[in-house]
Amino acid sequence: MNEREAIQGVLEAVVNVDIDGVAEQVRAALKAGADPSAVLNEGLSAGMRIVGERFQSGEYFLTELVLAGEVLKAGLVPLETLLTKTDIQGKGAVVLATVKGDIHDLGKNLVGMMLSSAGFEVIDLGSDVSSQRIVEAVRKHQAKIVGLSLLLTPMVGSLRSAVEELTRVGLRQQVRIIIGGACTTPGLAKELGCDGHGEDAMAAVYLCEKFI
Ligand code: B1M
């Protein structure tokens, strides 16, 4: 089996919500010489996008969507140490959250994992987080960067209100705000007055590196 076929095996394990087989497929891809970030992006994440499309078209139900989240977590286990090898520290605090009304947290967690391994102190507030909690965390940890994740289009208003709240309390000039997640775009970041948009977890790290 070559690298490409092995990554395809990872993608298929996710699409087939194969919770028992996914980690084995990931190990097989690594053994075939695939790069860990390719296994993540072209295997696990690409598979999740297909699950999302099948859910949207009515082919999959909420059960599959929930299970797919668990499949992703299981698939990440053999990758984690490979994606996060470092001993650099002390690049400052980043407050990370999925905004109010949105409980998707897998992508945000990946961003957090990559930022920690790049030497940032990650203050992960979790998902469904109010603007007030974001403001409190920025104050408490004197964070210079806020990372907001959003996957649900109807919750764009929560992103907007987080930016507005940081502005209202006078913190906007002190922090850089970056956004990311399936329904966000560079255009949305610009429209909301944010400082950047991360297409994926690595892009989020590059942006934060640029801002320190
Ligand atoms: Co939901 N869901 N979901 N879901 N879900 C989506 C997002 C959806 C696109 C599926 C679809 O219909 N095609 C759709 C949203 C449509 C829209 O509004 N545009 C959707 C829906 C509708 C829903 C519900 C409303 C379903 C329902 O109940 N009827 C419901 C909402 C609940 C709520 O939040 N209030 C719901 C629930 C769920 C589960 C809980 C079952 C589960 C999430 C489990 C969890 O997160 N713990 C789930 C899942 C798994 C998905 C899909 C299939 C996969 C999401 C995921 O984890 N991807 C998703 C389909 C899709 O995204 N196309 C879908 C893997 C992850 C690694 O990628 O999160 O994109 P992602 O993160 C990436 C980048 O986006 C980026 O880096 C990450 C790594 O590369 N990134 C950042 C993310 N955050 C970033 C922040 C940054 C920078 C980069 O800077 C700060």
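**Exercise 1. Find which helix gives the most residues to the shell around the ligand.**

Start with the shell itself: 35 residues surround the ligand, counting any residue with a heavy atom within 4 Å of it. Next, sort by element, where helices (H or I, at least four residues) and strands (E, at least two) are DSSP runs numbered from the N terminus. Elements supplying at least two shell residues include α4 (62–83), α5 (106–117) and β3 (145–149). The winner is α3, with six residues.

A quick note on the model: it's predicted, so local features need pLDDT of at least 70 and side-chain atom pairs pLDDT 80 or more, while totals for chains, interfaces and linings use all residues. Numbering runs from 1 along each chain, and side-chain values use heavy atoms, leaving out hydrogens and water.

**Exercise 2. Work out which polar atoms meet the ligand at Ile 103 and Asp 105.**

Both residues are listed among the closest to the ligand. Look for N or O pairs within 3.5 Å, the cut-off for a polar contact. At Ile 103, a backbone N or O atom lies 2.7 Å from a ligand oxygen. At Asp 105, a polar side-chain atom sits 2.7 Å from a ligand nitrogen.

**Exercise 3. Place the ligand relative to the two domains.**

First, take the bounds, which come from an automatic or database domain assignment: domain 1 is 3–81 and domain 2 is 89–211. Then check the shell: both domains give residues to it, so the ligand lies between them. Finally, look at the domains themselves: their C-alpha centres are 25 Å apart, and eight residues of domain 1 contact five of domain 2, with contact meaning heavy atoms within 4.5 Å.

Notes
A polar contact is a pair of N or O atoms within 3.5 Å; within protein, one must be able to donate a hydrogen and the other to accept it, and residues adjacent in sequence count only if both atoms are side-chain atoms.
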